[in-house]
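Here is an informal walk through some local features of one protein chain. Keep the coordinates open while you read.

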Amino acid sequence: MNEVIETILNHRSIRHFEDKPLTAEQIKTIVSCAQAAATSSFIQAYSIIGVKDKEKKKKLAALAGNQEYVANNGHFFVFCADLYRHTLIGEQEQMEVIPTLESTEKFMVALIDAALAAQNASIAAESMGMGICYIGGLRNHLEEVKAILKTPERVIPLFGLAVGYPSKITEKKPRLPLEHIYHEEEYEQNQEVYLDQLQNYDEIISHYYYERTNGKRQDRWSEQMANMLSKQTRMYMKEFVQKNKLNLR
């Protein structure tokens, strides 16, 4: 156990922030830590857009489902899959790179690179005494988000990251048991074992909600997931991604 591990294990989403902007030095440190993350074949297929302007934050908050912590935080980062710069590199070096940039593989690389960078940024922020909350709601209305952020072709905003000093800290949410996530040598396919693990976890989550809400809520994780997955959301995504010249091959 050390401070890094303690910081990682102490993570929880923060949705209430003090009215205290991050300094330029703090922003630089967080972005530098993001850039230190691993990147496939050194492609660095992502970009980060920082949003300070309050009106822009309000617009993004509305597009993300009226999440007020998108508007009220210390700083708002938007992580983007980005193969635009590689298009320019191909033109500069006079080499045909478009078929590769339009491949599913390079789209996956861009998603993974952005996610790794964001997690580094999150841990850096939390190690500095701040809280974070990932905002996938930006994908509700990506055409409008792209217009606000003025992102070019082959750049897709993936999610936001609200960062700031917590004004309210919630209880840590129990994760799935380790043995349900971690498989040794091969994937566990004994359904009895699998479902038994899920049932045990459902009881833990139900108890967590019961305690947190003084008995007002006690839904199970499996129940949550089934309800969520039964509703089709953001089904425009494939068309949107391909319109932006990604994931075409």
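## Rings and charges

Y194 comes out as partly exposed, because its relative accessibility is 22%, and a residue has to be under 20% to count as buried. This is a predicted model, by the way, so read every number below as computed from predicted coordinates.

Y194 also has an aromatic partner. Its ring centre lies 6.2 Å from that of Y187, and the planes meet at 35 degrees, so the pair is tilted. Edge-to-face would need over 60 degrees. Y236 and F240 do get there: their ring planes are at 75 degrees with the centres 6.0 Å apart, so this pair is edge-to-face. The two residues sit on either side of the burial cut-off, because Y236 is partly exposed at 26% relative accessible area, whereas F240 is buried at 3%.

How many aromatic pairs does a search of the whole structure find? The count is six. There is also an aromatic cluster, formed by F79, Y134 and F159.

Two tyrosine rings have a charged residue over the face. K20 does this for Y165, at 4.2 Å from the ring centre, and R217 does it for Y209, at 3.7 Å from the ring centre.

## Helices against helices

Y209 turns up again in a helix contact. Helix 10 (residues 191-212) packs against helix 11 (residues 221-229) with the axes 7 Å apart and an angle of about 95 degrees. That makes the two helices roughly perpendicular, because the angle falls in the 65 to 115 range. On the helix 10 side the contact uses L198, Y201, D202, I205 and Y209, and on the helix 11 side it uses W221, S222 and Q224.

Helix 3 (residues 54-63) and helix 8 give another packed pair, with axes 10 Å apart and an angle of about 170 degrees. Are they roughly parallel or roughly antiparallel to each other? They are roughly antiparallel, since the angle is over 145 degrees. From helix 3, the residues K56, K59, L60 and L63 meet E144, V145, I148 and L149 of helix 8.

Back in helix 10, we find Q191. This residue is exposed, because its relative accessible area is 61% and the cut-off is over 50%. Its C-alpha atom is 47 Å from that of Q26, with the two positions 165 residues apart along the chain.

G50 offers another C-alpha separation to look at. This glycine is found in strand 1 (residues 46-51), and its C-alpha atom is separated by 4.5 Å from that of F77, 27 residues apart along the chain. If you leave out residues up to four places away in sequence, G50 touches H75 and F76. With 46% relative accessibility, G50 counts as partly exposed.

## Loop residues

Now for the loops. Here are four loop residues with their places and accessibilities:

| Residue | Loop between | Relative accessible area |
|---|---|---|
| S103 | helix 6 (98-101) and helix 7 (104-127) | 15%, buried |
| T151 | helix 8 (142-149) and strand 4 (155-164) | 12%, buried |
| N214 | helix 10 and helix 11 | 72%, exposed |
| R234 | helix 11 and helix 12 (237-243) | 30%, partly exposed |

Start with S103. What lies 2.7 Å from a polar atom of its side chain? It is the backbone oxygen of T100. Beyond residues up to four places away in sequence, S103 touches N247 and R249.

T151 has a side-chain partner: a polar contact of 2.9 Å joins its side chain to that of K146. K146 is also listed among the contacts of T151 once neighbours within four places are set aside, together with I49 and P157. Why does T151 count as buried? Its relative accessibility is 12%, and that is under the 20% limit.

N214 and R234 are worth a look for their backbones. Phi of N214 is near 55 degrees, a positive value in a residue other than glycine. R234 is not a glycine either, and has a positive phi of about 50 degrees. N214 is exposed at 72%, while R234 is partly exposed at 30%.

Terms used. Residues are numbered from 1 along each chain as its sequence is written. This is a predicted model: local features need pLDDT of at least 70, side-chain atom pairs count only at pLDDT 80 or more; totals for chains, interfaces and linings use all residues. Side-chain values use heavy atoms; hydrogens and water are left out. Helices (H or I, at least four residues) and strands (E, at least two) are DSSP runs, numbered from the N terminus. Buried means under 20% relative accessible area, exposed over 50%, partly exposed in between (1.4 Å probe, protein chains only). A polar contact is a pair of N or O atoms within 3.5 Å; within protein, one must be able to donate a hydrogen and the other to accept it, and residues adjacent in sequence count only if both atoms are side-chain atoms. Contact means heavy atoms within 4.5 Å. Rings of Phe, Tyr and Trp (its six-membered ring) pair if their centres lie within 6.5 Å; planes under 30 degrees apart count as stacked, over 60 as edge-to-face and the rest as tilted. A charge sits over a ring if NZ of Lys or CZ of Arg is within 6 Å of the ring centre and within 35 degrees of the ring normal. Axes are lines fitted to C-alpha atoms, for helices over the stretch in contact, and angles run from 0 to 180 degrees between N-to-C directions. Angles under 35 degrees count as roughly parallel, over 145 as roughly antiparallel, 65 to 115 as roughly perpendicular and the rest as oblique.
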